[in-house]
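Let's take a walk through this fold together, from the overall layout down to a few backbone details. Have a look at the model first.

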Amino acid sequence: MKTRVIYIGGSITDNPDFRAPFSTAESELTAAGYVALSPAWLPSGLDNEQYMRICFAMIDAADAVLFLPDAEESNGAKLEAFYCAYIHKPYVRSVEDLNDQAAGLFFTSSDKATEIMGELKKKGGKKNGKKA
């Protein structure tokens with residue numbers, strides 16, 4: 001049986017301790033038998049657009065995406081969620097949800113993409129008063 005690859009999405013920008021939740025998720029995924037792809041370990045010095053291109057490629061390579069609890073705080077993670085909905089990539093909010101596929105816990109509908117875009121519009125695409 002092929003090992004499933006899971007991308008981890010969450011808040012990185014403006015979060016000085018961003019690696020901790022990604023590391024925890026990575027450990028949980030590995031313990032559950034998954035291969036984890038984490039953007040937390042990308043090199044410093046790229047601009048946001050470069051990071052997003054790399055993250056989209058990682059999402060494309062993954063079987064599903066696990067969004068961390070802080071994902072709602074991140075415009076980048078929201079963009080990743082919209083991308084997942086757009087390409088019909090399964091995504092979940094916990095490792096338990098990954099293990100419970102039969103319950104239909106993967107979200108891939110275009111309705112979810114519309115919901116995410118609505119949230120971004122309400123916030124004006126801004127984070128901390130700055131344009132995202």
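Helices here are DSSP runs of H or I with at least four residues, and strands are E runs of at least two, numbered from the N terminus. With that in hand, glycine 33, which sits just after helix 1, has a positive phi of about 95°. Please keep in mind that this is a predicted model.

## The overall layout

The chain contains five helices and six strands. Followed along the sequence, they come in the pattern β-α-β-α-β-α-β-α-α-β-β.

Of the chain's 132 residues, 39% count as buried. Contacts often bridge long stretches of sequence: among those between residues at least 6 apart, 64% join residues at least 24 apart.

## The four-stranded sheet

In what order do the strands of the open sheet lie? The sheet has four strands in the order 2-1-3-4, with parallel pairing. Strand 2 and strand 4 (91-92) are the edge strands, each pairing on one side only. Three bridges connect strand 1 with strand 2, and these two run parallel; tyrosine 7 has leucine 37 in strand 2 as its bridge partner. Strand 3 and strand 4 also run parallel and are joined by two bridges, with leucine 66 standing opposite valine 92 in strand 4.

Strand 1 deserves a closer look. Five of its five residues are buried, so strand 1 is largely enclosed by the rest of the structure. Its two faces are both covered, with Val5, Tyr7 and Gly9 buried on one side and Ile6 and Ile8 buried on the other. As background, side chains in a regular strand alternate between the two faces of the sheet.

## Helix 1 against the strands

Helix 1 (residues 19-31) lies across strand 1, strand 2 and strand 3, and it runs at about 160° to strand 1. The 13 residues of helix 1 should span 18 Å at 1.5 Å a residue, and its end C-alpha atoms are indeed 18 Å apart.

Which residues of helix 1 are buried? They include Phe22, Ala25 and Leu29. Viewed down the axis of helix 1, the buried residues fall within an arc of 65°, so they line one face of the helix. Strand 1, strand 2, strand 3 and helix 4 (95-99) are among the elements covering them. On the other side of helix 1, Thr30 and Ala31 are exposed.

## Helices 2 and 3

Helix 2 (residues 48-61) has 14 residues and reaches 20 Å from its first C-alpha to its last, close to the 20 Å expected at 1.5 Å a residue. Its buried residues are Met52, Cys55, Met58 and Ile59. Down the axis of helix 2 these fall within an arc of 120°, so they too line one face of the helix. Their cover includes strand 1 (5-9), strand 2 (35-37), strand 3 (64-67) and helix 3 (75-87). Arg53 and Ala61 are exposed on the other side of helix 2.

Helix 3 packs on the sheet, where it touches strand 1, strand 3 and strand 4. The direction of helix 3 makes about 150° with that of strand 3.

## Two nonpolar cores

In soluble globular proteins, nonpolar side chains tend to be buried together. The largest nonpolar core here has 16 residues, and the members touching the most others are Tyr7, Ile59, Val65, Phe67, Cys84 and Tyr91. Strand 1, helix 2, strand 3 and helix 3 each supply at least two residues of this core, and the largest share, five residues, comes from helix 3.

Leaving aside residues up to four places away in sequence, isoleucine 59 touches Tyr7, Val65, Glu80, Tyr83, Cys84, Ile87 and Lys89. Apart from the largest core lies another, of 15 residues, including Ile6, Phe22, Leu68 and Val95.

## Positive phi in two loops

Most residues other than glycine have a negative phi. Aspartate 14 is not a glycine, yet it has a positive phi of about 65°. It is placed in the loop between strand 1 and helix 1. Is aspartate 14 buried or exposed? Its relative accessibility is 55%, and exposed means over 50%, so aspartate 14 counts as exposed.

Histidine 88 likewise has a positive phi, of about 60°, without being a glycine. It lies in the loop between helix 3 and strand 4 and is exposed, with a relative accessible area of 51%.

Note on methods:
Residues numbered from 1 in each chain as written. Predicted model: local features only at pLDDT ≥ 70, side-chain atom pairs only at ≥ 80, totals over all residues. Heavy atoms only, no water. Expected span 1.5 Å × (residues − 1). Buried < 20%, exposed > 50% of the residue type's maximum accessible area, 1.4 Å probe, protein only. Arc of directions from axis to C-beta. Contact = heavy atoms within 4.5 Å. Core = buried A, V, L, I, M, F, W, Y, C linked by side-chain atoms within 4.5 Å. Pairing = 2+ DSSP bridges. Axes fitted to C-alpha atoms, helices over the stretch in contact; angles between N-to-C directions.
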